[in-house]
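Q: Please take a close look at the place where the ligand sits, and then follow the charged and polar side chains of the protein from there.

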Amino acid sequence: MSSKNTKDHLNKGQNTKNPVIEVNHLAFAYVEDPVLTDINFTLHGQESLAIYGANGSGKSTLMRLLLGELSAAKDTIYIFGQDVTEKKDWHDVGYVPQMNVTRNVSFPVTPLEMLASCQIRKMSFIKMPGKKHYEVARKTLKRFSLLDYGKVPFTELSGGLQQRTMIARAMLAEPNLLILDEPTAGVDEQNKKDFLQLLNTLKDEDGISYILVTHEKDLVEQMVNIDQAYEIRNGVLENV
Ligand SMILES: Nc1ncnc2c1ncn2[C@@H]1O[C@H](COP(=O)(O)OP(=O)(O)OP(=O)(O)O)[C@@H](O)[C@H]1O
Ligand SMILES: [Mg+2]
């Protein structure tokens, strides 16, 4: 894997005095019963954090709060020093959605098209990817060893390749933080190992931090280099 921009990227992540994420006494309820009661953690630059929990324990809810998709109370979540309720520019945060969500992609988009068109943020009048966007997409596919699959419909790719495509897509904007929700659901053992190695490479070479949630306890046990690991239960994080 090339280490393009490694230094700049590391500096971007580490020069900041602020933690990457700070969560203080976060509580949340959709209706009456609280899903999260008192969540607290701090993640610094180039650090990794994993949370496992049973189905329905609130993992996706927590991720959606971190991403500003659900409204957290003011003063409970800070991302790069900014209160999440005030955050407008999200280019520094990459998101890899729950695998069973990506499996629902029903139109025949290819990884190349996916990576070219998601650069839309950088496009001006005509909202169609141009030559430059395809070049960047090809370069990124190459970096993630996906170039051979660039023109294969996403739905025909194996779970492991779909997941790698989603990570490549999330890394396009060169984020400093990756948030991954159940990234290995339905992925076989070898692909899980490759995936964990890829995450550590991104951490070491690109200087990213990452947060991963999963219902698979064994995935967290395999993460030997993880900086922080928790179980989410009854709305709080417990050390594991
Ligand atoms: N939009 C919603 N409205 C009301 N309740 C919800 C909503 N989304 C989730 N819930 C409830 O909140 C709780 C936590 O759900 P969440 O999806 O965060 O769990 P999870 O740990 O991600 O589960 P899974 O392992 O199945 O992905 C569950 O009881 C769920 O039924
Ligand atoms: Mg979930």
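A: In this predicted model, an oxygen atom of ligand 1 lies 2.8 Å from an N or O atom in the side chain of Lys-59, and two further side chains offer polar atoms to ligand oxygen as well: for Thr-61 the distance is 2.4 Å, and for Gln-98 it is 3.2 Å. Taken alone, ligand 1 exposes 630 Å², of which the protein buries 58%.

The shell around ligand 1 consists of Tyr-30, Val-35, Ala-54, Asn-55, Gly-56, Ser-57, Gly-58, Lys-59, Ser-60, Thr-61, Gln-98 and Glu-182. By residue class, this shell divides into three nonpolar, seven polar and two charged residues. Helix H2, which spans residues 59–66, gives the most to the shell, with three residues.

Lys-59 itself lies in helix H2, and with a relative accessibility of 6% Lys-59 counts as buried, because the cut-off for that class is under 20%. Leaving aside neighbours within four places in sequence, Lys-59 is in contact with Tyr-52, Gly-53, Ala-54, Glu-182, Val-213, Thr-214, His-215 and Ile-232. Ala-54 and Glu-182, which are among these contacts of Lys-59, also belong to the residues that surround ligand 1.

Turning to charge pairing across the protein, side chains of opposite charge can pair when their charged atoms come close. The count comes to eleven salt bridges, and one of them joins the side chains of Asp-206 and Arg-143, with N to O at 2.6 Å. This pair links distant parts of the chain, since Asp-206 is in helix H7 (residues 189–206) and Arg-143 is in helix H5 (residues 131–143), 63 residues apart. Asp-206 counts as buried, its relative accessibility being 8%. The pairing also belongs to a wider arrangement, in that Arg-143, Glu-205 and Asp-206 are linked in a network of salt bridges.

Lys-192 takes part in two of the salt bridges described here, one with Glu-189 and one with Glu-216. In the pairing with Glu-189, the closest N and O atoms are 3.5 Å apart, and because Glu-189 and Lys-192 are three residues apart in helix H7, about one helical turn separates them. The two partners differ in their exposure: Glu-189 counts as partly exposed at 40% relative accessibility, whereas Lys-192 is buried, with a relative accessible area of 5%. In the pairing of Lys-192 with Glu-216, the side chains meet at 2.9 Å, N to O. Lys-192 lies in helix H7 and Glu-216 in the loop between strand S8 (209–214) and helix H8 (217–222), so this salt bridge ties together parts that are 24 residues apart in sequence. Here both partners are buried, Glu-216 as well as Lys-192.

A further polar side chain, that of Gln-119, belongs to the loop between helix H4 (111–117) and H5. Gln-119 has a relative accessibility of 5% and therefore counts as buried. A polar atom of the Gln-119 side chain lies 3.0 Å from the backbone oxygen of Leu-115. Apart from neighbours within four places in sequence, Gln-119 is in contact with His-133, Val-136, Ala-137 and Leu-172.

Notes. Residues numbered from 1 in each chain as written. Chains lettered and ligands numbered in written order. Predicted model: local features only at pLDDT ≥ 70, side-chain atom pairs only at ≥ 80, totals over all residues. Heavy atoms only, no water. Near = heavy atom within 4 Å. Polar contact = N/O pair within 3.5 Å; in protein donor to acceptor, adjacent residues only side chain to side chain. Areas by Shrake-Rupley, 256 points an atom, 1.4 Å probe, with all protein chains shown as cover. Helix = DSSP H or I, 4+ residues; strand = E, 2+ residues; numbered from the N terminus. Nonpolar A, V, L, I, M, F, W, Y, C, P; charged D, E, K, R; others polar. Salt bridge = Lys/Arg side-chain N within 4 Å of Asp/Glu carboxyl O. Buried < 20%, exposed > 50% of the residue type's maximum accessible area, 1.4 Å probe, protein only. Contact = heavy atoms within 4.5 Å.
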